[in-house]
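Please look over the model below before reading on. The report takes a helix, a sheet and the empty spaces in turn.

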Amino acid sequence: MTIIGGGLAGAEAAWQLAIRGIRVDLYEMRPTVMGPAHHTASLAELVCSNSLKGTDPATPAGMVKRELEAMGSMLLATARKHAVPAGAALAVDRDRFSAAVTARLETLDEVTIHREEMTALPATGPVIVATGPLTSDALARALSEVIGVERLAFYDAAAPIVDAATIDRPRVFAASRYGKGTGTDYLNAPFARDEYERFHAALVTAERVTAKEFETAELFQACQPVEEIARRGIDALRFGPLKPVGLTDPATGRRPWAVVQLRTENRDRTAYNLVGFQTNLTFSAQRDVFRLIPGLESAEFVRYGVMHRNTFVDAPRLLDSTFAVRSDPRIRVAGQLAGTEGYLEAVAGGLIAALAFAAEASGAEVPVLPVETALGSLVRYATDPGTDPYQPMHANAGLFPPLDPPVRGKRPRYAAYAARGAQALATWSEANATLLAPALAALDDDGTGGGSRDARA
Ligand SMILES: Cc1cc2nc3c(=O)[nH]c(=O)nc-3n(C[C@H](O)[C@H](O)[C@H](O)COP(=O)(O)OP(=O)(O)OC[C@H]3O[C@@H](n4cnc5c(N)ncnc54)[C@H](O)[C@@H]3O)c2cc1C
């Protein structure tokens with residue numbers, strides 16, 4: 001088994017396979033070749049923040065932790081062992097965390113770590129490609145030969161996405177321009193003139209993110225941020241992405257002054273993106289400014305807009321629900337390269353890909369997490385051909401199947417998602433107990449996340 005990339009996904013996958021007795025060749029290019037964001041030679045380096053997000057089990061981030069725990073994640077256990085005080089979040093001492101993961105893998109007889117850049121995919125044998133958002137150019141080229149060059153993106157210019165349940169429905173109306181489409185493809189947030197002018201003023205003065213050195217002007221040539229369009233003049237937006245043509249507001253019977261269109265993100269219509277709103281504003285500025293859009297005054301953002309370097313595959317068209325390339329299932333793509341965003345989501349990607357290979361190797365049924373779980377809903381979003389276009393995504397409430405009956409209020413709604421997810425997870429864990437047992441037993445050995453081999457070492 002070959003794993004390319006010793007980041008969060010690759011490190012978790014290597015451990016999961018090794019403790020099941022599967023020999024792994026793990027290729028990590030650092031420190032021989034350093035990428036633009038990593039700084040150390042350690043495996044599982046956290047490239048930016050040291051936070052693995054909140055621990056409240058009644059939130060998607062907390063659900064992710066509970067699910068990883070149930071699956072026997074070594075990286076989560078190691079993170080807990082090296083946690084630093086961070087209120088309601090799990091944050092880690094990044095050096096100790098990465099050093100511990102590296103040491104753990106180095107002591108496993110089944111893992112051989114090669115410190116070299118892979119420039120091609122191995123011709124035979126199963127492989128997990130987990131080279132992350134900054135995959136080296138040579139490997140990206142090799143991968144695009146397998147999956148098709150049009151299926152690999154190098155930049156992420158994503159508009160914000162809001163939780164459908166938090167849109168003020170009476171303030172928006174469902175319609176497609178000129179009555180085309182099904183009529184319910186878009187929700188439209190209509191601006192009166194004074195509302196538009198207030199929004200414009202806030203947008204052009206809002207705080208922006210400073211792009212990293214390696215994030216060149218190339219991205220901005222291809223795709224203008226909404227705030228840049230606004231800077232061209234007061235009317236630039238309403239003659240551009242906010243044009244109201246072909247739309248009549250049923251509340252007034254007239255064409256609005258300007259319109260923000262919201263397009264559904266998924267089949268269940270539980271999340272909507274703001275069409276044309278690629279943005280480079282800081283997350284807090286996005287929250288403040290975009291809540292000036294009529295109907296979004298109380299919107300919860302399940303993902304903020306971003307514009308940055310990010311290599312990822314068009315997973316919904318390429319990968320099945322175990323991250324296997326549909327046209328060549330010996331290859332799995334895991335972690336952020338599959339477009340699942342976030343540290344623990346990357347860990348989960350590696351874990352899911354490894355479990356699938358382990359199940360195949362033992363002739364067991366390949367497990368797929370239920371969609372009621374936070375990770376299961378993310379996997380479905382990422383690998384459902386109905387997700388189009390695809391933008392990288394972290395686990396969030398906008399991806400869950402709707403509650404039946406609906407629950408009003410954020411906290412009760414999140415609690416209901418969590419309760420439903422916990423139940424689905426328990427059933428799934430029981431059904432897959434034999435497959436999960438080796439990891440859980442290894443983590444139990446020292447009670448803090450150290451496997452028996454680590455203890456021995
Ligand atoms: C600048 C930046 C900041 C970020 N900040 C955050 C944050 O604060 N919080 C968060 O949750 N997420 C953040 N992310 C996203 C973050 O990258 C992912 O959450 C996570 O690191 C992805 O894990 P991964 O295992 O998929 O990739 P990585 O952790 O990046 O691991 C991929 C590994 O593959 C190696 N590699 C690449 N090409 C090759 C090759 N050809 N041969 C051998 N090895 C190779 C790399 O050296 C790297 O070690 C950030 C991303 C970037 C780029």
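The sections below describe selected features of this predicted model.

## Helix α2 and its neighbours

Helix α2 spans residues 60-70. Its buried residues are Pro-60, Gly-62, Met-63, Val-64, Lys-65, Glu-67 and Leu-68. The list includes Lys-65 and Glu-67, which count as charged. An α-helix has 3.6 residues a turn, so residues three or four places apart point the same way.

What do the buried residues of α2 pack against? Two strands are among the partners: β3 (51-54) and β5 (89-92). The helical partners are α3 (74-81), α11 (343-362), α12 (374-383) and α13 (410-431). After α2 comes Gly-72. The phi of Gly-72 is positive, near 80 degrees.

## The six-stranded sheet

Six strands make up an open sheet. Their order is β10-β11-β12-β13-β9-β14, and the pairing is antiparallel. Strands of a sheet pair through backbone hydrogen bonds, either parallel or antiparallel. The edges are β10 (173-174) and β14 (301-303), each of which pairs on one side only.

Within the sheet, β12 (residues 258-264) runs antiparallel to β13 (residues 271-274). Three bridges join these two strands. Leu-262 has Leu-274 of β13 as its bridge partner. Helix α6 (residues 193-205) lies across β11 (186-191) and β12. The helix runs at about 95 degrees to β11.

## The second largest pocket

Rolling a probe the size of a water molecule over the atoms shows where empty space is left. The second largest pocket has a volume of about 550 Å³. Its lining consists of 22 residues. Nearest the centre of this pocket lie Ala-164, Ala-165, Thr-166, Val-407 and Arg-413.

Which element gives the largest share of this pocket's lining? That element is α13, with three residues. Helix α13 also packs against the buried residues of α2. By class, the pocket lining divides into nine nonpolar, five polar and eight charged residues.

## Enclosed cavities

How many cavities of 30 Å³ or more does the structure hold? There are four. The largest cavity has a volume of about 90 Å³.

Which residues line the largest cavity? One run in its lining is Glu-265, Asn-266, Arg-267 and Asp-268. The others are Ser-377, Arg-380, Tyr-381, Asp-384, Gly-386, Thr-387 and Leu-399. By class, this lining has two nonpolar, four polar and five charged residues.

How values were computed. Residues numbered from 1 in each chain as written. Predicted model: local features only at pLDDT ≥ 70, side-chain atom pairs only at ≥ 80, totals over all residues. Heavy atoms only, no water. Buried < 20%, exposed > 50% of the residue type's maximum accessible area, 1.4 Å probe, protein only. Helix = DSSP H or I, 4+ residues; strand = E, 2+ residues; numbered from the N terminus. Contact = heavy atoms within 4.5 Å. Pairing = 2+ DSSP bridges. Axes fitted to C-alpha atoms, helices over the stretch in contact; angles between N-to-C directions. 1 Å grid on protein atoms, 1.4 Å probe; cavity = no way out; pocket = protein on both sides within 12 Å on 5 of 7 lines; lining within 4 Å. Points joined across faces, edges and corners; volume = space filled by probe spheres on them.
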